[in-house]
Amino acid sequence: MKRQLIAIVGLGKIAVDQHVPAILGNPAFELAAIVSQRRATVADLPSFDSLEALFAAMPEVEVVAFCTPPAGRFEATRTALRAGRQVLIEKPPAATLGEITELAAIAERAGRVLFATWHSRFNPAVAEARRRLAGQRISRLRVDWREDVRRWHPGQAWIWQPGGFGVFDPGINALSIVTEIMPEPLFVAAAQLDVPANRQTPIGAEISFATADPAPGTDLSAVFDWRKQGEQSWTIEVATAAGETLTLTEGGARLAVNGTPVIEAGSHEYPMIYERFATLLAEGRSEVDIRPLQLVADAFLVGERRATAPFDD
Ligand code: NAP
């Protein structure tokens, strides 16, 4: 098979930690260039400060992976699609639902592949949870996503700016799992957003969910908190009306059923993302699921805003 020449845009934490090794490890792709506003690079690859400069110098690069923050991704992704490139975008796929809906339409009109990735879904434990919950009635959902923002997002000013998602930047990973495994659609019933007095985006949030046809006593909720010191928690617990409790821990890497471990596989999210991307490219098919973003947007729409103490990195 011909190797696809691919460029990474935005050489930040996730690009360096995950995209570069995943691409280098996949024979379907050849990492050919970097686009970096700082002209940063890896492995002596050519680095350009804009997409336009990349396309002018290396028209043979057919594929682009965007590892930039969500705000600003619309314009860049549109540019790449209109230039005839196939595109992968990090989560969250865009700053707004309108942007991602339009990007999917642009990709379709251009006959190009757009792959909006949700990395947490690429865990075997998530697929197993989905299989076990199919056709079940759910009595309880509890998402508990608590981490230390200083530890995981040091110096990332964009997360606190409009379009930066705040605590929903990691929280949307939980929602990408929930929308994948729940047997019926969820929507936001109510939300509370804790926003530091000196910031634009929430540092903590709580959401109550509803479904169209809940069993009496059904309790569906999520807590996201960026102020957690010590032990971190990325847990989703789902109880069925039939009496089974599924617990996904470590961000979807492990699954236990009624307390007994079922899957303890380490996570290979990014190699699997690039395997899926190669398949989508071979089939000429896009994959864009907006449901996790829709839940976040609805939490912002109905959320009660609580001003909390100023927060500095
Ligand atoms: P980051 O470390 O801040 O890197 C983002 C990079 O994008 C920057 O280094 C910069 O690279 C480029 N960039 C372009 N415009 C920018 C702007 N206006 N502000 C800041 N950077 C800009 O962020 P990250 O953690 O890699 O996250 C990037 C995306 O990946 C986000 O959507 C995030 O949700 C997602 N993600 C992150 C993680 C994680 O663990 N960090 C995990 C999964 C997904 P250049 O200077 O090279 O242009």
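A residue counts as near a molecule or strand if one of its heavy atoms lies within 4 Å of it. The model is predicted, so that local features need pLDDT of at least 70 and side-chain atom pairs count only at pLDDT 80 or more, while totals for chains, interfaces and linings use all residues. Residues are numbered from 1 along each chain as its sequence is written, and side-chain values use heavy atoms, with hydrogens and water left out.

Q: Which residues come nearest among those around the ligand?
A: There are 21 residues around the ligand, and Ser36, Gln37, Arg38, Lys91 and Asp169 come nearest.

Q: What makes the approach of Arg38 to the ligand a polar contact?
A: A polar contact is a pair of N or O atoms within 3.5 Å (within protein, one must be able to donate a hydrogen and the other to accept it, and residues adjacent in sequence count only if both atoms are side-chain atoms). A polar side-chain atom of Arg38 lies 2.5 Å from an oxygen atom of the ligand, and a polar backbone atom of Lys91 is 2.7 Å from a ligand oxygen.

Q: Why is Thr117 called buried?
A: Buried means under 20% relative accessible area, exposed over 50% and partly exposed in between (1.4 Å probe, protein chains only); Thr117 has 1% relative accessibility and therefore counts as buried.

Q: What does Thr117 touch, not counting residues up to four places away in sequence?
A: With contact meaning heavy atoms within 4.5 Å, Thr117 touches Leu88, Ile89, Glu90, Lys91 and Ile273. A polar atom of the Thr117 side chain also lies 2.9 Å from the backbone oxygen of Ile89.
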